[in-house]
Amino acid sequence: MIPIFQRKSVLIPLSLGLLLILIALNLAMGSVNIPIAEVVDIVTGKGSSNVIWENILLRTRLPQTIVALGAGMALGVAGLLMQTLFRNPLAGPSVLGISSGSSLGVGFVLLVAGQVWGFSFSRLGIWGDLAIITASLGGAFAVLALILFISHKIGGTLSVLIIGVMIGYLSNSVVGVLKFYSMEEDVHNYVIWGLGSFSRMSVDRAYLFAMITIVPSLLALFLSKSLNLMALGDRYASNLGLKIKRARLLIILCAGTLTAVVTAFCGPIIFIGMAVPHLAKLVSRTSNHLYLICNACILGAATALLCNLLARLPGMESELPINSVTAFIGAPVVISVIWKKRKENF
Amino acid sequence: MNKNLLHIRNLSIGYGSKIVAGDLSAIVPSGELICLLGSNGTGKSTLMRSICGFQPVLGGLIVIDNREVHQLNEKELSKQIAVVLTDRVVVPNANVQELVGYGRSPYTGMLGRLNAADKIIVARAMEQCGIAHKKDSLLTSLSDGERQKAFIAKALAQDTPLIILDEPTAFLDLPARVEIMQLLRDIANTSGKSILMSTHDLDLALQLSDRFWLLQNGGPLITGSPEDLLLKNAFQKMFQHKGIVFDNKTGLFKVMHAQHSQVAVKGHGFEYVLLRRALSRKGIKVIRANSDDCNRVEVNKDAQKPFSLYIGDQCIQSEDSVEVFVNRVLAAKSLLEVQSESCVLSE
C-alpha cells in the first residue's frame with residue numbers, strides 16, 4: 001500500500017542522510033571549494049595545512065551552517081505547530097504577529113534611537129548587534145505575552161489567529177511611520193536586517209543559538225499527543241481528555257519562543273516555516289505529530305541549508321539575501337503540495 | 001442490565017441566561033440504544049452538548065456512574081462518555097487506523113504511543129464497525145458512511161460505558177442509514193454499552209431503539225419504549241402539524257391530500273389500492289361503486305389491462321398503466337362528481 005520511501009522505518013534514516021550531505025556541501029562549497037577530507041579534519045579539530053581554508057571554515061561556513069540548521073529546524077517545527085493549532089494550511093510562524101513584534105522592536109532601536117541620540121547603530125559593532133537582538137526578543141515576547149493573555153481570556157482558536165494577524169498589521173504600520181521619519185542610513189540598515197541572514201554570528205554564538213533552537217524544537221515532541229488531538233477539533237480533543245486551554249497555551253508558547261529566537265538572531269526568515277510542514281506531511285503519510293515533528297526538524301534544517309547553499313552558489317562573488325532564496329524554494333513547494341492535494345480533499 | 005448508567009433530573013439547558021429547554025428528566029439504562037427525537041430548534045444538540053460536558057447547564061443534574069458530569073475533569077469524563085459529532089473534521093493525512101487509535105488517548109502516556117493491548121482494542125473496534133478493510137485509507141478518501149463508521153470505531157476504542165452520537169445518520173443515503181443504525185444496535189447488544197443518539201429517522205428508530213427521548217419545544221422530555229409511547233399516542237402530539245398524521249399501527253407518517261371531486265370505483269386487491277392512492281394524490285376521492293353507477297371505474301386484477309373506464313355502462317377504455325389511466329380519468333370530466341373540500345390520508 002504505502003510506497004517504500006514513505007515508510008517511517010525508511011524515511012527518517014533517508015532524510016537524515018540527506019541532511020548530512022547538505023551539511024557537508026554547505027561546509028565544502030562556496031566561492032572557494034574545500035575538499036571534504038580537509039573539512040572533516042578542520043571541523044573535528046585536527047587542523048589543516050591550509051590556514052585560509054581553516055579561517056573560511058571556522059569563521060564563516062561553520063557558524064553559518066550551524067545557524068541555518070538550528071533556524072530551519074525551529075521554523076519548521078513552529079510552522080507545523082501553527083498549522084495544526086489553527087487547522088489552516090496557510091499558517092506559519094509569522095501568523096501570531098511575533099515576527100512583526102520583533103520587527104517593531106528592532107525598528108525602534110534602529111530607527112528611533114538613531115534619531116533621538118543622533119548616531120547610527122551600524123557604528124556600534126558588537127554592542128549594536130546585542131541591542132538589536134535584545135530589542136527583537138523584547139518585541140517578540142511582548143506580542144507573545146499579549147497573545148497568550150488573549151488566548152487565555154477569549155479562548156477561541158480563530159479569534160487568537162485573527163488578533164495575531166491584526167497585531168502584525170499594527171506593528172507594520174508603526175514601522176512604516178518610523179521609516180518615514182528616519183535617516184536614510186538607518187532605513188537601509190533596517191531593510192538589510194529584514195532580508196534575513198544566517199551569517200551574523202561567530203562560532204561561539206552559533207553554538208549558543210543552536211542550543212536554544214534545537215532543544216525546544218525537540219521538546220515539541222512532547223506536544224505531539226496534544227497536537228494529534230487538536231487536529232480533530234476542539235470538541236473531539238476535549239472529549240478525548242485533553243485540557244484544551246492548557247494545550248493551546250503550551251503550543252503557542254513553544255512556537256512563539258522558537259519564532260522569537262530565530263527572528264532575533266537571523267531577522268524575519270520567511271517561507272521556511274510555511275513550506276516545511278507541507279513537506280513533512282508530504283513525505284510521510286501520517287497525521288501523528290510524533291513523526292511529523294521529527295520530519296519537520298530534519299526537513300526544516302535541510303531546507304534552510306539548501307537555501308543557504310543556493311544563496312552563495314559557486315561563481316557568485318557575494319551572497320544573495322536569504323529571504324529571496326527561501327521564497328524561491330518555498331513558494332513552488334506550497335503550490336505543488338496544494339496542486340497534488342486538490343484531488344484528495346475536494 | 002437494569003442498572004441506570006446515566007440520569008438527568010430537572011435539567012435546564014441553554015446559553016447564558018436564555019433557557020432553551022427546562023425541566024428535563026430521563027434515564028439511560030445500561031446496554032440500551034436510545035434515540036433522541038425532536039423538531040429542529042427544540043434543543044437536541046444543546047442537550048447532547050450539555051450531557052457531554054461541552055457546555056454548562058443552567059440548572060438541574062446530570063449524573064453518570066453516580067458522579068455529576070460537570071464535576072468530572074476532562075480525563076475522568078473521557079473514560080465515561082465517547083462522542084461522535086456532526087462536525088465534519090478534515091484531519092490532514094489521517095488514515096482510519098490512526099483516527100481509531102486516537103480513541104485510546106485517555107489511556108496512553110505522554111507521547112500518545114499505543115501499546116500492544118491498545119492495538120488489539122483498535123483492531124477489534126475497526127473489525128466490529130466493518131471498516132477494518134479500509135484501515136490504511138485516508139479519511140478524506142472515504143464515503144460519508146465509511147467515515148461515520150470510522151468515527152464510531154474511534155468512540156468504541158475509547159472504551160466508555162456511554163457513546164453519544166449527534167445525528168449520525170444525517171447526510172447518509174438510506175442503505176447507509178440502516179447500516180449505521182444496525183451497527184449501533186449491534187454494539188448495544190454485544191458490548192453492553194449504552195448509546196444515546198439524536199436522529200430524525202423516526203421509522204428506523206421505532207424498529208431499532210429500546211427507548212425514546214422525545215424533546216418537545218421548551219421541554220419536558222417524554223421518555224419510554226417505542227411501544228409504550230405508541231400506546232400513549234405520544235408521537236401524534238409530538239408531530240402535530242397541518243397536513244401530516246402519524247399512523248400508530250404502521251409507525252409511518254401519512255400526508256393529507258385535499259380532495260375536490262370523487263369517482264366511483266368497483267374492484268379490490270393491490271391494483272385497487274394503488275389506483276386509489278394515485279387518484280387521491282390528484283385530489284380525487286375514491287368511493288365504492290354501487291350497482292346503479294353507470295359512470296364508473298372498474299378494476300379487474302385478472303384482466304390483461306386491469307383498469308377500465310365505463311361511461312353510461314359502456315367500457316370506453318382499458319389500460320394497464322396507472323399513470324395513463326389516471327390522466328384519462330382526469331380528462332373525463334363527466335365522470336367526476338364535484339364535492340365539497342375534504343381531506344383524505346395517503347397510504
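The exercises below, each with a worked solution, concern a predicted model.

**Exercise 1. The interface between the chains**

Describe the interface between chain B and chain A, stating how many residues are in contact and how much area is buried.

Begin with the residues themselves: on the side of chain B, 35 residues are in contact with 27 residues of chain A. Turn next to the area, which comes to about 2900 Å² buried between chain B and chain A, with 57% of it on carbon and sulfur atoms. Within the part that chain B buries against chain A, N93(B), Y102(B) and L111(B) supply 23%, more than any other three residues.

**Exercise 2. Polar links and the makeup of one side**

Find the count of salt bridges and of residue pairs in polar contact between the two chains, and then work out which elements of chain B supply residues to the side that touches chain A.

For the salt bridges, the count between chain B and chain A is one, and among the charged side chains K243(A) and E74(B) meet in a salt bridge with a distance of 4.0 Å from N to O. For the polar contacts, the count is 13 residue pairs, both residues of a pair being at pLDDT 80 or more. Looking then at the elements of chain B, at least two residues each come from α2 (74-78), β6 (81-84), α3 (96-102) and α5 (144-157). The element that gives the most to this side of chain B is β6(B), with four residues. Sorted by kind, the residues of chain B that touch chain A divide into 18 nonpolar, nine polar and eight charged.

**Exercise 3. A covered helix and its lysine**

Decide whether helix α1 of chain B is mostly covered or mostly open, and then establish what surrounds K44(B).

Take the helix as a whole first: α1(B) spans residues 44-52 and is mostly covered, since eight of its nine residues are buried. The buried residues are K44(B), T46(B), L47(B), M48(B), R49(B), S50(B), I51(B) and C52(B). Just after this helix, G53(B) takes a positive phi of about 85°.

Now single out K44(B), which has its place in helix α1 of chain B. Although K44(B) is buried, it has no salt bridge, and the nearest side chain of opposite charge, that of E167(B), is 4.2 Å away; a salt bridge would require the nitrogen and the carboxyl oxygen to be within 4 Å. The side chain of K44(B) does, however, reach the backbone oxygen of G38(B) at 2.8 Å. Leaving aside neighbours within four places in sequence, the contacts of K44(B) include L36(B), L37(B), S39(B), S198(B), H200(B) and L215(B).

**Exercise 4. Salt bridges that join separate parts of chain B**

For the pairs E32(B) with R211(B) and R185(B) with D210(B), give the distance, and say which parts of the chain each pair ties together.

Over all chains, the count of salt bridges comes to 15. In one of them, the closest N and O atoms of E32(B) and R211(B) are 2.9 Å apart. Because E32(B) lies in the loop between β2 (18-29) and β3 (33-37) of chain B and R211(B) lies in strand β9 (residues 211-215), this pair ties together parts that are 179 residues apart in sequence. Both E32(B) and R211(B) are buried.

In the second pair, R185(B) forms a salt bridge with D210(B), and the closest N and O atoms are 3.0 Å apart. Since R185(B) is in helix α6 (residues 174-191) of chain B and D210(B) is in the loop between α7 (202-208) and β9, the parts tied together are 25 residues apart in sequence. R185(B) counts as buried at 15% relative accessibility, whereas D210(B) counts as partly exposed at 26%.

**Exercise 5. A pair within a network**

Determine where R296(B) and D313(B) lie, and name the network of salt bridges to which they belong.

The side chains of R296(B) and D313(B) meet in a salt bridge at 2.8 Å, N to O. The pair links distant parts of the chain, with R296(B) in strand β14 (residues 296-299) of chain B and D313(B) in the loop between β15 (307-311) and β16 (314-319), 17 residues apart. R296(B) is buried, with a relative accessible area of 10%, while D313(B) is partly exposed, with a relative accessible area of 48%. The network of salt bridges links K266(B), R296(B), E298(B) and D313(B).

How values were computed:
Residues are numbered from 1 along each chain as its sequence is written. Chains are lettered from A and ligands numbered from 1 in the order in which they are written. This is a predicted model: local features need pLDDT of at least 70, side-chain atom pairs count only at pLDDT 80 or more; totals for chains, interfaces and linings use all residues. Side-chain values use heavy atoms; hydrogens and water are left out. Contact means heavy atoms within 4.5 Å. Buried area is the accessible area (1.4 Å probe) that two parts lose on being put together, summed over both. A polar contact is a pair of N or O atoms within 3.5 Å; within protein, one must be able to donate a hydrogen and the other to accept it, and residues adjacent in sequence count only if both atoms are side-chain atoms. Ala, Val, Leu, Ile, Met, Phe, Trp, Tyr, Cys and Pro count as nonpolar, Asp, Glu, Lys and Arg as charged, and the others, Gly among them, as polar. Buried means under 20% relative accessible area, exposed over 50%, partly exposed in between (1.4 Å probe, protein chains only). Lys and Arg count as positive and Asp and Glu as negative; His and the chain ends are not counted.
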